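Me: Could you take a close look at one part of this protein for me, the place where aromatic side chains come together, and then set that part in the context of the whole molecule? I would like the reasoning spelled out with care.

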Amino acid sequence: MTIAKLAGQAPVHKRPPARPPATPSHENAPVPVVVDVELDQGYYDRGIAARRNAHVHLEDILDGIEDEADKLLADLLVILDCAEIN
C-alpha cells in the first residue's frame, strides 16, 4: 500500500469514458439467399425419431467412457500404491 492509501488520502479513480458501440460496415456484408424448399413430413418424422433414440446411443457411449475411467483410476491407484511402498 502506498502512504496516501494508508493515510486515507488515496486519489479517486475515475472510469474512462464509455466508447460508442462500433457500427458494422454493411459494404462487405453477404447478400442473403432465400431458397424456398418444401420438406416432406417424413423428414420431420425421421428427425424426431432420431432425437428420441439418441439417448440410447449416448448412454452406450457414456457407459464405455465410465468403464474406461474406472480402469484408469484402478491403474492409477496401483501406481500410487507402488510409489508409497518405495
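Reply: At a relative accessibility of 41%, Tyr 44 counts as partly exposed, and since this is a predicted model, that value describes the prediction. Tyr 44 has its place in helix H2, which covers residues 41-85. Its partner in what follows is Tyr 43, which is likewise partly exposed, with a relative accessible area of 44%. Both values fall between the 20% under which a residue is called buried and the 50% over which it is called exposed, so the label for each tyrosine is the intermediate one.

As for the rings themselves, a pair is counted if the centres lie within 6.5 Å, and planes over 60 degrees apart make it edge-to-face. With this rule, the count is one aromatic pair. The ring centres of Tyr 43 and Tyr 44 are 5.4 Å apart and the planes meet at 85°, so this pair is edge-to-face.

The two tyrosines also belong to a nonpolar patch on the surface, of about 710 Å², which they make together with Val 33, Val 35, Val 37, Leu 39 and Ile 48.

Helix H2 also holds Asp 70, a residue that is partly exposed at 45% relative accessible area. Asp 70 is one member of a surface patch of negative charge, in which Glu 59, Asp 60, Asp 63, Glu 66, Asp 67, Glu 68 and Asp 75 gather as well.

Turning to the whole molecule, the protein has two helices and zero strands, and 1% of its 86 residues count as buried. The surface that the protein exposes comes to about 9000 Å², with carbon and sulfur atoms supplying 61% of that area.

Key: Residues numbered from 1 in each chain as written. Predicted model: local features only at pLDDT ≥ 70, side-chain atom pairs only at ≥ 80, totals over all residues. Heavy atoms only, no water. Phe/Tyr/Trp six-rings, centres within 6.5 Å; stacked < 30°, edge-to-face > 60°. Buried < 20%, exposed > 50% of the residue type's maximum accessible area, 1.4 Å probe, protein only. Patch = residues over 30% accessible without salt bridge, like charges linked within 9 Å, V, L, I, M, F, W, Y side chains within 5 Å. Areas by Shrake-Rupley, 256 points an atom, 1.4 Å probe, with all protein chains shown as cover. Salt bridge = Lys/Arg side-chain N within 4 Å of Asp/Glu carboxyl O. Lys, Arg positive; Asp, Glu negative; His and termini not counted. Charge placed at Lys NZ, Arg CZ, Asp CG, Glu CD. Helix = DSSP H or I, 4+ residues; strand = E, 2+ residues; numbered from the N terminus.
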